[in-house]
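Colleague: Please take a close look at the enclosed space inside this model. I want to know what lines it, and what the surrounding helices contribute.

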Amino acid sequence: MTKTMVVVESPAKAKTIARYLGKDYDVRASVGHIRDLPAGTIGVDVEKDFRPMYLTMPGKEKIVRELKGAAQKADRILLATDPDREGEAIAWHLAHLLKIDAESPCRIVFNEITGKAVGKAVEEPRSIDLDLVNAQQSRRILDRLVGYELSPFLWQKIRKGLSAGRVQSVATRLIVLREREIDAFIPEEYWKLRAFLALDGKEAPFSSLFTGKMKSGRVSRIPIHSKEELDVLLKDLEGRDYQVEDVKKGARKRRPYAPFTTSTLQQSASRAMGFTSRRTMMAAQNLYEGVTLGDLGQTSLVTYIRTDSVRVSQEAVDTARDLILSTYGEAYLPAKRPFYKNKSKAQDAHEAIRPSHFDLPPSRVRGQLTSDQYRIYEMIWNRFMASQMEAAVYDKQTVDILAGDYLFRAQGENLVFPGWLTLYGVQETEKENAEKEVKKEDDEEPDLVEIPSLKAGDILELRRLEPEQKFTQPPPRYTEASLIKEMEELGIGRPSTYAPTISTLFDRLYVEREGRLLKPTELGGQVTGMLEEYFRNIVDTDFTADMENELDEVEAGKRDWVDVLRAFYTPFHKDVEKAMKEAEKIVIEDVPTGRTCPECKIGDLVIREGRYGKFIACSRYPDCKYTETISEETKSHCPKCGSPVRSRKIRRGSLLYYCDKSKDPDCDFASFDLPIDGKNCDTCGSYMVQKRFRGRTYERCSNKDCLTNKKTTKSKKKED
C-alpha cells in the first residue's frame with residue numbers, strides 16, 4: 001500500500017518530484033485547476049456574500065476519479081501545488097474533492113525543485129493558508145463580476161464577442177493613450193553642432209559637441225532651435241581659436257543588474273530576442289517544472305518563476321561565489337555579497353529567479369533543451385551569476401574646449417576592468433553595453449569618442465564644423481517589454497498576470513503589432529472610449545492599483561474579502577445599469593472595396609473585422625456568405641510554380657506569404673519568410689528567403705537542415 005500521495009499541478013513537475021521522493025510516494029498531477037466558476041453563468045451569488053458556485057471543470061472528470069481512487073489507498077496526502085495564491089487555491093479545491101481537512105498538515109511548498117528543498121518541505125507540512133485562498137477567490141470573483149457585467153454592455157453598444165476586464169481594459173487604455181499622444185504630437189526643430197578637432201595636423205580628428213557658453217566659470221546651455229540661430233552661431237565662430245579649457249579624468253563603475261524577477265525576465269527576453277511574454281513564460285515554466293536530461297532524468301533547472309522579489313538565499317549566493325572564484329579569479333569576486341533592493345510594491349514572497357543546480361551550466365545541458373528553453377536558461381544563468389560579480393570599471397575623460405566663450409565638450413571612456421561583463425564575452429577594448437536589452441528603449445546613445453592625450457591650454461586645429469538638423473520625437477509606442485515595465489511601475493496586475501493579459505489584448509483584437517510595437521486597433525480605441533465615458537474607474541490606473549493593494553491586503557489577512565468585493569460591486573453595478581440606459585450604440589461602418597461580390601453578383605464587397613482580424617465579405621451576409629482574405633502583392637514569385645507571391649496578416653500580426661496559384665491551381669506553397677527571386681543557396685541549391693530579426697533583415701537558406709543555416713545561427717548568436 002502506498003504510504004504517501006503527493007499532488008502537484010503538472011505531469012512534468014510530478015515526474016521531477018518523483019525522482020527525489022522514491023517508491024514510497026505516489027506523485028500525481030491535477031493538470032492545473034480542477035474546479036472553477038461555471039462557463040455559462042455568472043456563478044456568483046451577489047446577494048449572499050458573493051458566494052461562488054464551483055464545478056468540476058469540463059474534461060477533468062477522469063483526473064478527479066483517478067485522484068480519488070489513489071487517495072483511498074494512501075495513508076497520507078500532501079498537496080504540493082505552486083507556492084502562490086493560485087497554487088494555494090488549487091490545493092484548497094483538491095482538499096475539498098479528496099475530503100482532506102484544510103486545517104490539517106497537508107500542504108507543502110518549495111521555491112525550487114531540488115532533492116534538498118523537496119525533502120525539507122515533506123518534513124515540514126502546514127495547513128492550507130486560507131488568506132491566500134481568499135485572495136485568489138476574491139480576484140477570480142472580481143474579474144468574473146467585471147467581465148459578466150461589462151461584456152453584455154459592450155455587446156449591446158458596440159458589437160457581440162467583445163469583453164472587458166479589470167486589468168486588460170487598463171492595459172488597453174495605456175496603449176490607446178500613448179497613441180493619442182503620438183497623434184497629438186507636434187515635432188519641434190533643433191540642431192546639433194559638432195566640431196571635429198585635432199591636436200596637430202597628423203592626428204585623426206575627434207568629435208566635440210556644442211554645449212553653450214562659459215560665463216564666470218559656469219556653463220550656460222544654449223539650445224539651437226532653428227537654421228537661423230545656427231547661422232548666427234556659425235558666423236560668430238568664424239576665425240576663433242579652439243583651446244582646451246579643462247580636462248577631467250575619473251573612473252566610472254558599472255554595477256551588474258539584480259537577478260531576474262518575472263517582469264524583468266519578460267522584458268529582457270522581449271528586448272534581446274523578440275520573445276512574447278507568453279513564449280518566455282512557457283519556456284521558463286518548462287525549466288521550473290523539469291526537463292529530461294539524459295542520465296540525470298527529469299530535472300528542474302530554475303527556481304519558481306512567478307516572483308517580484310530580487311532576494312536570494314545565502315546558500316545560493318555562497319555557491320555562486322565559489323563558482324565565480326574558481327572560474328574567473330579573486331578579482332571578479334566582490335569582498336561582500338552585492339545587495340539589491342526590492343521595489344516598494346514587491347511582495348517578496350519568493351526568491352528571485354535563479355538557477356537551482358549550479359553544477360548544470362547552460363553549456364552542459366544545451367543539447368537536451370529546446371532552443372527557447374536554452375536561450376531563457378542561459379539568460380537566467382548569466383543574469384544571476386553576473387549579479388554576484390564585481391562591477392566593471394571605466395576610465396572616464398571629459399574635455400571642455402572654448403572657442404572664445406563658446407563651449408564644446410568631448411567625452412570618452414575606456415573599459416579598464418570588465419568585471420561582470422566578462423561573463424557576456426565583453427573584451428577589455430570594447431565599449432559595447434553587454435545587456436542592451438535592459439536599456440530604456442528611448443535612450444539616446446551618449447556621444448562617446450576616442451580622445452587623444454590633452455591638457456589645459458592646448459590649441460586645437462579645427463578640421464570642420466558639422467551641423468545636424470533634428471526634430472523632437474513623439475513618445476514611442478509600447479513594446480511588450482515597455483508595457484510590462486509600465487504596468488509594474490503603476491501597480492497594474494501582478495507577475496503572474498502580465499503574459500495572459502497581453503495575450504488577451506491580441507485575442508480580442510484590441511491591439512495589433514507593427515513589428516515589435518503595439519498599436520491599438522480602431523476597435524480597441526472605441527471600446528476604451530466607451531469605458532472611459534461610463535466606467536472611468538475600470539480604466540483608471542490609480543483605481544486599479546488601489547484595488548490590487550486591497551486584494552494584497554486580503555492575502556496578508558488584513559482585509560475581509562467579502563467587504564472588498566461589496567465596496568467595489570455596489571457602485572459598479574449602478575454604473576452598469578445607468579450606462580445600459582444612457583449610452584448610445586456605436587455603429588461600425590463597413591469599409592467598401594468598390595467591388596461586386598463574385599458569388600451572388602448583387603452585394604458589394606466590404607472590409608469587416610472578425611476574430612482573427614480584417615477580412616473581405618459580401619454586404620448581403622448572412623444571405624450570401626462569400627468571404628476572402630485581405631492580402632497584398634509582393635515582388636517575389638513562388639519557388640514551386642512561378643506564380644506571384646502575396647502576403648496577408650494572420651493572428652497576432654505575423655505575415656504569411658503564399659502562392660496566388662495563377663499558374664498552378666494546386667500549388668500549396670506557403671511560408672512565414674519571403675522567398676527571394678532568382679537566388680539559390682550555394683551549398684544545397686534551395687531557394688533563399690528574407691528573414692527578420694530584431695528589426696533587421698537578412699538572407700538565409702529556406703532549407704532548415706542546410707549547413708549554412710547552422711553556421712548563420714552560430715554567427716548570429718556571437719553578434720548578439
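Modeller: Helices here are DSSP runs of H or I with at least four residues, numbered from the N terminus. The model is predicted. Searching the whole structure for cavities of 30 Å³ or more turns up two.

Start with the largest. It holds about 50 Å³ of space. Its lining consists of Arg166, Asn537, Ile538, Phe543, Thr544, Met547 and Phe568. Helix 16, residues 541-555, gives the most to this lining, with three residues. Those are Phe543, Thr544 and Met547. By class, the lining has four nonpolar, two polar and one charged residues. Arg166 is the charged one, because Arg counts as charged.

Phe568 also lines the largest cavity. Its number falls in the range of helix 17, residues 561-582. Asp563 is found in helix 17 too. Asp563 counts as partly exposed because its relative accessibility is 39%, and that class lies between the 20% and 50% cut-offs. Its C-alpha atom is 8.6 Å from that of Asp49, though the two residues are 514 apart along the chain.

Now the second largest cavity. Its volume is about 40 Å³. Ser163, Ala164, Gln168, Ser169 and Thr172 belong to its lining, as do Tyr510, Val527, Thr528 and Leu531. Two helices, helix 6 (168-184) and helix 15 (522-534), each supply at least two of these residues. From helix 6 come Gln168, Ser169 and Thr172. From helix 15 come Val527, Thr528 and Leu531. This lining divides into four nonpolar and five polar residues, with no charged ones. Tyr510 goes with the nonpolar set, because Tyr counts as nonpolar here.

One helix pair makes a useful addition to the cavities. Helix 8 (residues 262-273) and helix 12 (residues 371-387) have axes that come within 11 Å and cross at roughly 120°. The crossing is right-handed. On the helix 8 side, the contact uses Thr264, Leu265, Ser268, Ala269, Ala272 and Met273. Helix 12 answers with Arg375, Ile376, Met379, Ile380 and Arg383. Seven residues of this contact are nonpolar, two are polar and two are charged. The charged pair is Arg375 and Arg383, because Arg counts as charged. The polar pair is Thr264 and Ser268.

To recap the cavities: the largest has one charged residue in its lining, and the second largest has none.

Notes:
Residues numbered from 1 in each chain as written. Predicted model: local features only at pLDDT ≥ 70, side-chain atom pairs only at ≥ 80, totals over all residues. Heavy atoms only, no water. 1 Å grid on protein atoms, 1.4 Å probe; cavity = no way out; pocket = protein on both sides within 12 Å on 5 of 7 lines; lining within 4 Å. Points joined across faces, edges and corners; volume = space filled by probe spheres on them. Axes fitted to C-alpha atoms, helices over the stretch in contact; angles between N-to-C directions. Left-handed = near helix turned anticlockwise from the far one by under 90°. Contact = heavy atoms within 4.5 Å. Buried < 20%, exposed > 50% of the residue type's maximum accessible area, 1.4 Å probe, protein only.
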